[in-house]
2 protein chains.
Amino acid sequence: MGSIKRRVFMKSAVVGAIACTIEGTQVLFTANRATAQASVPRLLPWPNRRLLDLLGVEHPIIQAPMGGLVDSEMAVAVLTAGGLGSLPCAPLTPKQVREEVAKIRAQVHKPINLNFFCHIPPKPDEASESAWRKRLAPYYVELGLDPNSPVPTAPNRKPFDAEMCDAVVELKPEVVSFTFGWPEAALLKRVKAAGCFVLSSATTVAEGRWLEEHGADAVIAQGVEAGGHRAMFLTKDVASQVGTFALVPQMVDAVKIPVIAAGGIADGRGIAAALSLGASGVQMGTAYLFCPESRASALHRAALKSARSDSTVITNVFTGRPVRAIINRFVREQGPLADSVPSFPLAGNAIQPLRAAAESHGSTDFTPLYSGQAAPLCRELPASELTSKLAVEAIQRLGEMNRGSSGAANGKRS
Amino acid sequence: MGSIKRRVFMKSAVVGAIACTIEGTQVLFTANRATAQASVPRLLPWPNRRLLDLLGVEHPIIQAPMGGLVDSEMAVAVLTAGGLGSLPCAPLTPKQVREEVAKIRAQVHKPINLNFFCHIPPKPDEASESAWRKRLAPYYVELGLDPNSPVPTAPNRKPFDAEMCDAVVELKPEVVSFTFGWPEAALLKRVKAAGCFVLSSATTVAEGRWLEEHGADAVIAQGVEAGGHRAMFLTKDVASQVGTFALVPQMVDAVKIPVIAAGGIADGRGIAAALSLGASGVQMGTAYLFCPESRASALHRAALKSARSDSTVITNVFTGRPVRAIINRFVREQGPLADSVPSFPLAGNAIQPLRAAAESHGSTDFTPLYSGQAAPLCRELPASELTSKLAVEAIQRLGEMNRGSSGAANGKRS
């Protein structure tokens, strides 16, 4: 297992540390000037240190890699606060990955996570593409676009390949995470040889067991609440996807590697709950879309801010794979789950002009408004501040839970 | 709010109490001979006593009322161990409710919960019924049954009405819970006047707020993981139903009344997690189906025992309303969500002969195998023992979560 060696910068975090008390819990606050976060607690009494020790991070909080929605700026902010910052590399070329990693490394010396996709590339399928264009044609006409105007036919997301693997071997990120399964054995071998801690997401216990058997160092249990793409790779059945509450403890019981909970977690209560279920850490996406560092558009942000508990569904009409997104006109009229959508990621190409035209009029009718089910719990805070706040809230909540009748009288967020 | 007066039997529970330690947590064990549970802890240091004080129970654990699957025997067992036992009354006549309550009262002096349905009764619809019979006809033929044989046309579940309300007013159960919404104002007034603590289930935050506004004393937040019927009453959209992890904290933030978490909870880790999310208690169904006191058939039990994380879906083909059940042949071929199924509960009438015939051959092809998504976490224990074990596990887990790096090394169930 690719356990990461404790690094010098981890030791530096406790230099100048002072002891104080959060809600009855002794913690260390550090005066780490490099991060300009003098009031941020760095060494909190997490109940489970498996992931912290393996990854060399201070808080068991992974910022989800969200392609097109976060970049190096987000990763730097999260890393600075002691979480694991992630760079979504699927939309990037190897050159862009090198540039983004250089930006991160220039600003912060912490373990970083590079995320890649492992989907099977779609075969060109003219019949499917033509049927899709015909289906979208009325929207083109409505928006004053030519339904026969050419759109890109190449996939805008590539799976992890030898060329990208070269970049990984060269950059040696401390953590590499995969989505939609697992890379081929030869590539994995090179990634492991580069010393990377390697993980992937599972949406069922069977997928988690499969990943462990194939060498994963940890597994992300992606509950059905999660925003964005479902990571499913052994199953295609959206209807039987599992909620975080049921999935996490079953995964913990089924595998020996650490389990990271994802889906529906957006504040300290959720982190405390995930750890109570047996998770060693959490991955959070939607919570970070509210931060100024996210690349979510103003329209996307507005939709996130007005979302309610039941504003999202899992739909395949945006990319050809199931994603959780806020229900908008396109989902309502064509989804949520439609037959004969072009294979991932090709469906998106012909939607892009509709999206651009609609957005230019302030409409999100064709925008994939990725969101998990916990958007109403999210707060607009700088990512570094959010990460620290989440950690402190979680520790506070865990303390309250052990206090007997004196604590947490109404359960609301403190 | 219908706060229940502290009763004499609550005081008796601490008679002869002795202090001891569970995993570092001071608790009181009682020598309550009446329950023959001398080794069961009664006064555990629950972090949130709102529901305990309101209901007059010892543990914040409600056994879910599951029509046809549990009766007074289950309620007695759960009550004996300090949880809230529930009697599903929707399948019963008022006379049967009186008999079942008499059985409970004869064995245990604790607050009890009677559950009723609040659905809108279906209108007779011959076209829909005839289309449904036609759809099922091939199965009738396959099983050697006459597709034109008469089946009952009356609903086998009645909503809460004046006659049933008479029984409630007479029986004065400490707790009354409703499913599928809320009774009409005149009936509610009588139930409240009888001193009952009244609750109902919500599947969205909007439903929870509605219930609070209409006088609910507590709300059950039913996450999408839950087995059996979805309690949805303001929404009909199954696709946007919310996972427990996302629903509970949003509900807690939205209402002032206590929130009870349901869906995906099957062991102490789940209870600890639900409380961490802000819930004041939990309702558990599937976990109790494994107990010897449950009326689940041998075939149903076998299916529950072999279920995996993704063995269930939400389907409307069994009753006309969405339920979570294990995928079997009927769900696979006709569901999970079909159009033009007769209204709840009429769809079930024509399935019953198929179910009986198939079951007589050991087949569950047509059996509604109600189950939540956490069946793999469940254990075959007497209901009283299970209730006590759940309580102790939850307190242990909460203690481990506050122990810093020493506890819960791998997160598995202890």
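This is a short tutorial chat about reading a predicted model with chains A and B.

User: How is chain B related to chain A, in terms of a turn and a shift?

Analyst: Try laying one copy on the other. Here, a turn of 180 degrees and a shift of 0.0 Å along the axis put chain B on chain A with an RMSD of 0.0 Å. That's the relation of a two-fold axis. In chain B, the C-alpha nearest that axis belongs to A273(B), at 2.0 Å. Both copies use the same surface, too: 100% of the contact residues of chain B recur in chain A.

User: What area do chain B and chain A bury between them?

Analyst: An interface's size is often given as the accessible area lost when the parts come together. For chain B and chain A, about 4,700 Å² gets buried, with 56% of it on carbon and sulfur atoms. In residue terms, 64 residues of chain B touch 64 residues of chain A.

User: How many salt bridges are there between chain B and chain A?

Analyst: There are 2 salt bridges between them. In one, the side chains of R269(B) and D253(A) meet at 2.9 Å, N to O. You'll also find 18 residue pairs in polar contact between the chains, with both residues at pLDDT 80 or more. On chain B's side, α9 (244-254), α10 (268-276), β13 (312-315) and α15 (383-401) each supply at least two of the residues that touch chain A.

User: Let's pick a residue. Is T312(A) buried or exposed?

Analyst: T312(A) is buried, because its relative accessible area is 1%, and buried means under 20%. You'll find T312(A) in strand β13 of chain A. Its side chain makes a polar contact with the side chain of R324(A) at 2.9 Å. Skipping neighbours within four places in sequence, the contacts of T312(A) include I326(A), S371(A) and Q373(A) in chain A, plus A239(B) and S240(B) from chain B.

User: And a helix? Which residues of α7 in chain A are buried?

Analyst: Look at where the buried residues sit around the helix axis. For α7 (residues 185-193) of chain A, the buried ones are L187(A), L188(A) and V191(A). They're on the same side of α7(A), because they cover an arc of only 100 degrees around the axis. The face turned away from that buried side carries the exposed residues A185(A), K189(A) and A193(A).

User: What covers the buried residues of α7(A)?

Analyst: The cover includes α6 (162-171), β7 (175-179) and β8 (197-202) of chain A. One last detail: just after α7(A), G195(A) takes a positive phi of about 90 degrees.

Terms used: Residues are numbered from 1 along each chain as its sequence is written. Chains are lettered from A and ligands numbered from 1 in the order in which they are written. This is a predicted model: local features need pLDDT of at least 70, side-chain atom pairs count only at pLDDT 80 or more; totals for chains, interfaces and linings use all residues. Side-chain values use heavy atoms; hydrogens and water are left out. Copies are superposed by least squares on the C-alpha atoms of residues with pLDDT of at least 70 in both. Contact means heavy atoms within 4.5 Å. Buried means under 20% relative accessible area, exposed over 50%, partly exposed in between (1.4 Å probe, protein chains only). Helices (H or I, at least four residues) and strands (E, at least two) are DSSP runs, numbered from the N terminus. The arc is that of the directions from the helix axis to the C-beta atoms. Buried area is the accessible area (1.4 Å probe) that two parts lose on being put together, summed over both. A salt bridge is a side-chain nitrogen of Lys or Arg within 4 Å of a carboxyl oxygen of Asp or Glu. A polar contact is a pair of N or O atoms within 3.5 Å; within protein, one must be able to donate a hydrogen and the other to accept it, and residues adjacent in sequence count only if both atoms are side-chain atoms.
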